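This briefing addresses a predicted model. The points below are grouped by topic and are meant to be read alongside the sequence and structure.

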Amino acid sequence: MSELPVLEKRDGVAWVTLDRPAARNALSLAVNRELLRLARELGDDPEVRIVVLTGAGDQAFCAGADLKERKGVPAAGSKPYIDAISGAIDAWARLPRPTVCALNGSAYGGGLELALACDLRVCVEGAELGLTEVRLGIMPGAGGTQRLPRLVGVAAAKELILLGRRISAARALALGLVVEVVPAADLRATVEGLVAELAGCAPRSLQMAKAAIDRGIDVGIDEGLRIERQCYDVTLFSEDRDEGLRAFAEKRPPRYTGR
């Protein structure tokens, strides 16, 4: 068994599943390299409109970096492992399509950093989430110190990161880290419901709205508004914009093509 992430594509939706349940879906060097490859493939595939990331099994979405693999590797030899996990997670954050993370279990360290790289997160009841690296003598190094405070605020991010705390799914929901917490049996249906909502929107509109948010979050309001207008104009002169107006006038569901 390869233990590499599994890709399934159907009706414009790509499902990527971390497939190392016996290792709590830990991110080995090979897994990170495959995640990077998949992110590039999906980003270049015009038929893919939405991407879902989840994990195999019911114990964990991802336990983080594969520490067993790194055991015995001196600090001077760690660069390939660190570059691989950072590169993979950055590639997922830069996917132009909307991304949904279906947290089928707990996520720690790099596993949570990978989830943070997605746009929307749905979590099962009973899962724990945490950036616990300071308890191991290191710190988050694949985007956690940057993406978590942008999502939940500086005070909450410092609490979780500096104390290395593990929080419940309910607390994650209260912080806005996840958008919904559901029983494990309902995870697939809930995520498919979100996917259906996304699929009912114009693909180019979703892509441009995501780009406006991601590019505008770290600039001043004037520059952010300029970025928004640039992205808006892309949608304004699209066939889907005309189809959306026709569908509204004709009181029918729109038939978007992504053009």
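Helices H5 and H6 are oblique to each other, because the angle of about 135 degrees at which they pack falls outside the ranges counted as roughly parallel, roughly antiparallel or roughly perpendicular. Beyond this helix pair, the briefing covers an open sheet of 6 strands, its strand E5 and the cysteines.

**Helix pair H5 and H6**

- Helix H5 spans residues 144–152 and helix H6 spans residues 154–162, and their axes lie 7 Å apart.
- The crossing of H5 past H6 is right-handed.
- On the H5 side, the contact is made by Gly144, Thr145, Leu148, Pro149 and Val152.
- On the H6 side, Val154, Ala156, Ala157, Leu160 and Ile161 take part in the contact.

**The open sheet**

- The strand order in the sheet is E1-E2-E3-E5-E7-E10, and the pairing is mixed.
- Strand E1 (6–10) and strand E10 (180–182) form the edges; each has a single partner strand, so one side of each lacks a neighbour in the sheet.
- On average, neighbouring strands of this sheet are turned by 20 degrees against each other, direction ignored.

**Strand E5 and its partners**

- Strand E3 (residues 50–55) runs parallel to E5 and is joined to it by 4 bridges.
- In this pairing, valine 52 stands opposite valine 100 in E5.
- Strand E5 (residues 99–103) also pairs with strand E7 (residues 120–124), in the parallel sense and over 4 bridges.
- Toward E7, valine 100 is placed opposite leucine 120, while cysteine 101 is placed opposite arginine 121.
- E5 is largely enclosed by the rest of the structure, because 5 of its 5 residues are buried.
- Thr99, Cys101 and Leu103 point one way from E5, whereas Val100 and Ala102 point the other way; all are buried.

**Cysteines**

- The whole structure contains 0 disulfides according to the search.
- Cysteine 118 is in no disulfide, and the nearest cysteine sulfur, that of cysteine 101, is 4.6 Å away; a disulfide requires the two sulfur atoms to be within 2.5 Å.
- Cysteine 118 is buried, with a relative accessible area of 4%.
- Cysteine 231 is likewise in no disulfide, its nearest cysteine sulfur being that of cysteine 201 at 16 Å.
- Cysteine 231 is buried, with a relative accessible area of 4%.
- Cysteine 101, which supplies the sulfur nearest to cysteine 118, is one of the buried residues of E5.

How values were computed: Residues are numbered from 1 along each chain as its sequence is written. This is a predicted model: local features need pLDDT of at least 70, side-chain atom pairs count only at pLDDT 80 or more; totals for chains, interfaces and linings use all residues. Side-chain values use heavy atoms; hydrogens and water are left out. Two strands pair if DSSP finds at least two bridges between them. Helices (H or I, at least four residues) and strands (E, at least two) are DSSP runs, numbered from the N terminus. Axes are lines fitted to C-alpha atoms, for helices over the stretch in contact, and angles run from 0 to 180 degrees between N-to-C directions. Buried means under 20% relative accessible area, exposed over 50%, partly exposed in between (1.4 Å probe, protein chains only). Angles under 35 degrees count as roughly parallel, over 145 as roughly antiparallel, 65 to 115 as roughly perpendicular and the rest as oblique. A crossing is left-handed if the near helix is turned anticlockwise from the far one by less than a right angle, and right-handed if clockwise. Contact means heavy atoms within 4.5 Å.
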